Amino acid sequence: MKSNISLLPFNTFGIDVKAEYFEEITSTFELKKALRSGIRPLLILGGGSNVLFTSDVKGLVVKNAIAGIKVARSFTNKVWVEVGSGVVWHEFVLWAVKNGYGGIENMSLIPGTVGAAPIQNIGAYGVEIKDVFVRLKALEIETGKLYTFTNKDCRFGYRDSIFKREAKGKFVICSVTFSLTRQAHQINVSYGDIQKTLEQNGVKEPTIADVSQAVVQIRTSKLPDPSVIGNCGSFFKNPETTTDVLEAILKNNPTAPHYHLPDGKVKIPAGWLIEQCGWKGKRVGNTGSYEKQALVLINYGGANGKEVRALADQIIDSVKLKFGISLEPEVNIL
Ligand SMILES: Cc1cc2nc3c(=O)[nH]c(=O)nc-3n(C[C@H](O)[C@H](O)[C@H](O)COP(=O)(O)OP(=O)(O)OC[C@H]3O[C@@H](n4cnc5c(N)ncnc54)[C@H](O)[C@@H]3O)c2cc1C
């Protein structure tokens, strides 16, 4: 076990903090061994693409690299694939596309590991992990017992699951099983710029590989590459509000983008709200809001987590003041 290790290479925001103890694990066996060390608190780190470190981390940081992708069951039209939680999400997507398995191509290029994906029910371009999720296996940290969570058990919501609520910090996800289509794929090109990009690529009848490629193109052109500019993608969730609040906003901003949800609420893009408050592309010290997407906070180099959190707080305050809406961080602030 290593001690006093810099976490700079292990988080996409590029924040330089230290872990008191640090261990990389590649199997459930090694995970159990690390748990038996008794060092607490315990922080599981996947790709570090959804965490903002605001101080050194006490206790043990376990870097998860549990490997393995295998077809667990085969049906006529679909397969169940069990994936080690330390597998890089996009590598799994590429594996699925190469093998002709559909369902996750719209989530191409989302950074991070398979094991972290259910925690905030990752999603992009109209698809969320809950749409293809069968079950996961997780070790309870306190007892070392292995539990299975079904789709229903996970209580998935928008960027939300039981692992951000009651089960927060209590389990280590070891593997996740997905249900992917083998034929009659549900091609979903209705969201964002996918259709436009496919047209530009000269694709009339898109395959899952075409969709994956289009998504990679769109994401590469819009989002900052964390290996160049430190960031965690969307810093805030898109807020859900009432029609009354929406109407008040529409009075002064008739073209405000919004989406009506089945439960009667309305979703307003957080990026738009932040932009209207003048933050888009604005730099504050070593941090700022990304010039192409206000929702992404970035590290220009050398920023610390407290600086980023201070900027996030200022943005929250100004959106609240202008629109009466409280933004919630999507990123885990530690
Ligand atoms: C450029 C960019 C674009 C992004 N785009 C999207 C997007 O389109 N959609 C989207 O949903 N997200 C997006 N994200 C956010 C991020 O990619 C996801 O949240 C991803 O699932 C995080 O995975 P990770 O392995 O990096 O998790 P980490 O950041 O390492 O961990 C996140 C949280 O999960 C916990 N955790 C991690 N692994 C485990 C485990 N095995 N068991 C228990 N707890 C665990 C950690 O303790 C931490 O609390 C983006 C991020 C970036 C940098």
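**Talking through a predicted model: ligand shell, β12 and the domains**

Reader: Let's start at the ligand: how many residues surround it, and which are the closest?
Author: In this predicted model, the closest residues are all of one kind. They are Gly46, Gly47, Gly112, Gly115 and Gly233. The full set around the ligand comes to 33 residues.

Reader: How does that shell split by class, and how many of its residues are charged?
Author: The nonpolar group has 17 residues and the polar group has 16. Gly counts as polar here, so the glycines closest to the ligand sit in that second group. As for charged residues in the shell, there are none: the count is "no charged residues".

Reader: Which strands each supply at least two residues of the shell?
Author: One of them is β12, which spans residues 171-181. The others are β3 (42-45), β8 (123-124) and β13 (230-234). So by the two-residue mark, the strands to look at are β3, β8, β12 and β13.

Reader: Okay, β12 then. How many of its residues are buried?
Author: Look at its pairings before the count. Strand β7 (residues 78-84) runs antiparallel to β12 and is joined to it by 7 bridges, with Val83 opposite Val176. Strand β10 (residues 133-140) is also antiparallel to β12, again through 7 bridges, and there Glu140 has Phe171 as its bridge partner. The strand is mostly covered, and of its 11 residues the buried ones number 8.

Reader: Which element gives the largest share of the largest nonpolar core?
Author: That core has 88 residues, and those with the most contacts inside it are Leu52, Val61, Phe235, Leu273 and Ile274. In soluble globular proteins, nonpolar side chains tend to be buried together. The largest share is 7 residues, and the element that supplies them is β12.

Reader: Pick Val61: which residues is it in contact with, leaving aside neighbours within four places in sequence?
Author: Val61 falls in domain 1 (2-64) and is one of the core residues with the most contacts. Beyond its sequence neighbours, its contacts are Leu7, Ala19, Phe22, Leu43 and Leu45.

Reader: Last one: where domain 1 touches domain 2, which element gives the largest share of the domain 1 side?
Author: The domain assignment puts domain 2 at 69-222, and the centres of domain 1 and domain 2 are 24 Å apart over C-alpha atoms. On the domain 1 side, 13 residues are in contact with 14 of domain 2; α1 (28-36) and β3 are the elements giving two or more. That side has 4 nonpolar, 8 polar and 1 charged residues. The largest share, 4 residues, comes from α1.

How values were computed. Residues numbered from 1 in each chain as written. Predicted model: local features only at pLDDT ≥ 70, side-chain atom pairs only at ≥ 80, totals over all residues. Buried ≥ 20, exposed ≤ 12 C-beta atoms within 10 Å, placed from the backbone. Pairing = 2+ DSSP bridges. Near = placed C-beta within 6 Å. Core = buried A, V, L, I, M, F, W, Y, C linked by C-beta atoms within 7 Å. Contact = placed C-beta atoms within 7 Å. Domains from an automatic or database assignment.
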